Protein chains: 2
Amino acid sequence: MKEQLVAICGAKHVLTGTDTDPFATDISGYRTAQPLAVVRPGTTEEVAAVVRLANDLKLPVIPVGGRSGLCGGAVGEAILISLERMTAIRDISADARTAVVEAGVILSDIHDAAEAQNLVFPLTFGAKGSARVGGFLATNAGGSNVLRYGNTRDLVLGIEAVLPTGEIVDLMSGLHKNNSGYDLRHLLIGSEGTLGIITAAVLKLHPKPGAYATAMIGMQRLTDALPLLNEVQRETGGQVEAFEYMPQSYIDDHVALNAAHKPPFDQPYPVNILIEVGALAPRDCTPDDTGEIPIVGHLEEILARYLENEMIDDAVVARNEAQRKDMWSRREAAAEIATARGVRLTNDVAVPLDKIETFLTRADATLQEVDPGATTSVVSHLGDGNVHYTVFPTRADDALKDRIMERVEDIVLDLRGSFSAEHGIGTAKLSSMARRKDPAALMAMRAIKVALDPLNLMNPGKVLPPE
Amino acid sequence: MKEQLVAICGAKHVLTGTDTDPFATDISGYRTAQPLAVVRPGTTEEVAAVVRLANDLKLPVIPVGGRSGLCGGAVGEAILISLERMTAIRDISADARTAVVEAGVILSDIHDAAEAQNLVFPLTFGAKGSARVGGFLATNAGGSNVLRYGNTRDLVLGIEAVLPTGEIVDLMSGLHKNNSGYDLRHLLIGSEGTLGIITAAVLKLHPKPGAYATAMIGMQRLTDALPLLNEVQRETGGQVEAFEYMPQSYIDDHVALNAAHKPPFDQPYPVNILIEVGALAPRDCTPDDTGEIPIVGHLEEILARYLENEMIDDAVVARNEAQRKDMWSRREAAAEIATARGVRLTNDVAVPLDKIETFLTRADATLQEVDPGATTSVVSHLGDGNVHYTVFPTRADDALKDRIMERVEDIVLDLRGSFSAEHGIGTAKLSSMARRKDPAALMAMRAIKVALDPLNLMNPGKVLPPE
């Protein structure tokens, strides 16, 4: 096998034995498995050649990006195809507002390239410095700006992919209207590498807001947060980019992790909200004679009104980019905070916006029933109804972890939510899929998997639970 | 067969013989075929029972909505399942901004129901008074507001559908984040009833703009239109809802069709643009002391600047809702105008925005080469790069029509466009699919079709060209 891989990609780009160790797990540490080999193809044709070889040898393949996934999707005993060398940003068109990128491009590099054209690629999350195009498309990553711009799939106009049989499919359209058969783009996005390997994409860019108004808000009750979000949306005409919730325990954990980080307020509050408004119209963004940016003043006015009515307790508005970055760095440390505390299980759930407090109250009570003494770390994309309810059980016991997860799912389903909001399934959520996914939908997914990957070689054992 | 259908849906809702005549064709008149029967189930369970019966009898089925499709997708020798009785709007949630609707609800009824909650369902096109949910989802319809709100698929959070085997799949999520396996919703949307029958949907609603600024603009050159669009987008922070192009010939055809319709200007202009801005922020929408609506004044200012610089020749801004509706009725008469002129072929293409004039110039020249004396009717969702280039050939000759279409496709592909932008494939574009679709994509689509519909009973012969 190694010889044949070397013939395709060159000796420098084929790793075997202990050289593959760094690929045996991902950031989540959720799962460990020694790869059969790691190859680093430099072109789509090389990816296709590796897949055809795997077909000949009947060996499984797994596409690998930045290994920042949280569900073990890119780990396994297989030929790992790392896209890390395919890092070309082939084109950025300011007129068409599109970026044509290869699968190995790192998210923050797209941010920089777009910004240079006064545009943004709005997808963002903590792992932006390591996550790569192929990975965040394969998992349909979410993050903090979904509220305004949608999930990854809403930001993709076209893709190129290698199918499980080694065929290359070219759907690299940059058009906004293209109805020509089944939407294979949306089928591959979110399929976690089980239906093919995404090798390139045409991404949608948006105009860069001329000014941001960003604030931290301290308050007593989560139920008061939603009316505030709705009011800022109404006043700004729907320009809220992010609305993030951090409980006091999250703030404490963050400070504990790094003493240089200060808490946002002099005194602690149960509910801490990070809000960001991105303004586009010139009259919202152009500083007035006093240097004040209108949108910042507008947000301050709204918050002053809420302070006066005692609906919030405190608020700090970022006065410059450094203060804004500081507010965001706290929110983006979520994975770091959870990782630092060791054995855990992550519940990545979504519920209707007005049900988040209910969910948290019920989940906490249930947890103490199932595993008295277990602790949690909570952070939420509140504007999307997406809660990361991370549990630290009292002992490392897989049966206990699964029992906790099942009970949390019960609450989520009772509230008409989703057991898997933005991280995907991988292997971490296979039992949830088996328990909770609509049976006819599972049946259809299995039929599609068999149709496109008859030998079951493409990231086998992920997404679809065993029958 | 009839007896069994009656057992499922009741005698009143099963049509056979000449009673099925109205279903033998659709608005396009593109194709005629006598149905085996027409059934009108009242529930999803009845739809599933009819599909299971069709499986038993090995008879094809075709889902039918408002029959306003333009590609013959809902016509054929099959059991036609009309969703016209499933017209319940089950729920409109102002808080969640969602509408839960059955497949037979007419688009304009959703408009009205949303408006009553001060919300909008932004999808709109000429056939809004007849098109039904199941149909506009199955075809992923486009229309005039895609520029701001996206295609149909971007407005759908969840669906319920009957699969070709008669299983009901329930994906009626109202959540904005839900990553739990392959996105069957997006696979079914745009599959034109070949992979299942959509029976209900959760639609995304948007806040209703507090004020619209709508104008007709007369100008000499199409190339001057794009900078104007960009400028209004920049000034308003991206609030343009529609940017539609009508050449002088379209205006003439419209007046000829109905003398009560007046042309938009006292003198004719080669290029006529309908622009609409929808403002959300209160200070754009609240009339000032003189009764002037700020967003209307803002659009007038921009247009005055363009008039002064002689980049446009004339402009009329709607002063009230009646004037606005009048401007829209002209644009929405497109299908009526094309139909009135008889034998035709519709090219529904998309090209990059800055290539529309090039496309039109080259297409006109090519047409006169292939069929000297042929005439055209052109109308365009200019802001999406979507052109409806309808050709009236000199004679009703299918080979000639196909030759014209192939030559037009050559130009489209040369400009990196799409041969099928928003109407879909049906049977009308099967030869285009065979000629132009990526071969690996076609192969994958065929594999999916066989996997989900092994007996090939679900709207057979549509979308996928014969091998």
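These are my notebook entries on a predicted model with chains A and B.

**Entry 1: the interface of chains A and B**

I began with the extent of the contact between the two chains. The size of an interface is often given as the accessible area lost when the parts come together. For chain B and chain A, I found a buried area of about 5,500 Å². Carbon and sulfur atoms give 59% of that area. In chain B, the residues that lose the most area to chain A are B:Lys177, B:Asn179 and B:Tyr182, which together account for 20% of what that side buries. I then looked up how many residues take part: chain B supplies 72 residues and chain A supplies 73 residues.

**Entry 2: polar links across the interface**

How many salt bridges does the rule find across the interface of chain B and chain A? I noted eight of them. One salt bridge joins B:Lys177 to A:Glu422, with 2.8 Å between the closest N and O atoms. For polar contacts across the interface of chain B and chain A, I recorded 34 residue pairs, both residues being at pLDDT 80 or more.

Next I asked which elements of chain B supply the side that touches chain A. At least two residues each come from β9 (168-171), α6 (184-188), α7 (225-236), α9 (282-285) and α16 (439-452) of chain B. The largest share, ten residues, comes from α16(B). I sorted the residues of this side of chain B by kind and obtained 32 nonpolar, 23 polar and 17 charged.

**Entry 3: B:Ser180**

I located B:Ser180 in the loop between β9 and α6 of chain B. Is B:Ser180 buried or exposed? Its relative accessible area is 3%, so B:Ser180 counts as buried, the cut-off being under 20%. The side chain of B:Ser180 makes a polar contact of 2.9 Å with the side chain of A:Lys437. Within chain B, the side chains of B:Ser180 and B:Asn178 are joined by a polar contact of 3.0 Å. Leaving aside neighbours within four places in sequence, I listed the contacts of B:Ser180 as A:Phe419, A:Ser420, A:Ile425, A:Met433, A:Lys437 and A:Met445.

**Entry 4: B:Ile89**

B:Ile89 lies in strand β5 (residues 89-93) of chain B. I noted a relative accessible area of 30%, so B:Ile89 is partly exposed. Beyond its neighbours within four places in sequence, B:Ile89 is in contact with B:Val100, B:Val101, B:Val105, B:Asp109 and B:Ala113. I also looked up B:Thr18, which is 71 residues from B:Ile89 along the chain; their C-alpha atoms are separated by 32 Å.

**Entry 5: helix α8 of chain A**

Which residues of helix α8 (residues 248-257) of chain A are buried? I found A:Gln248, A:Tyr250, A:Ile251 and A:His254. These residues lie on the same side of α8(A), because they cover an arc of only 160° around the axis. The buried residues of α8(A) pack against β13 (240-247), β14 (271-279), α11 (321-331), α12 (334-340) and β17 (375-381) of chain A.

**Entry 6: two positive phi angles in chain A**

Most residues other than glycine have a negative phi. I therefore recorded two residues with positive values, A:Glu310 with phi near 55° and A:Arg416 with phi near 60°. A:Glu310 lies in the loop between α10 (294-308) and β15 (314-317) of chain A, and at 67% relative accessibility A:Glu310 counts as exposed. A:Arg416 lies in the loop between α14 (398-414) and α15 (430-436) of chain A. A:Arg416 is exposed, with a relative accessible area of 65%.

Terms used. Residues numbered from 1 in each chain as written. Chains lettered and ligands numbered in written order. Predicted model: local features only at pLDDT ≥ 70, side-chain atom pairs only at ≥ 80, totals over all residues. Heavy atoms only, no water. Contact = heavy atoms within 4.5 Å. Buried area = accessible area lost by both parts, 1.4 Å probe. Salt bridge = Lys/Arg side-chain N within 4 Å of Asp/Glu carboxyl O. Polar contact = N/O pair within 3.5 Å; in protein donor to acceptor, adjacent residues only side chain to side chain. Helix = DSSP H or I, 4+ residues; strand = E, 2+ residues; numbered from the N terminus. Nonpolar A, V, L, I, M, F, W, Y, C, P; charged D, E, K, R; others polar. Buried < 20%, exposed > 50% of the residue type's maximum accessible area, 1.4 Å probe, protein only. Arc of directions from axis to C-beta.
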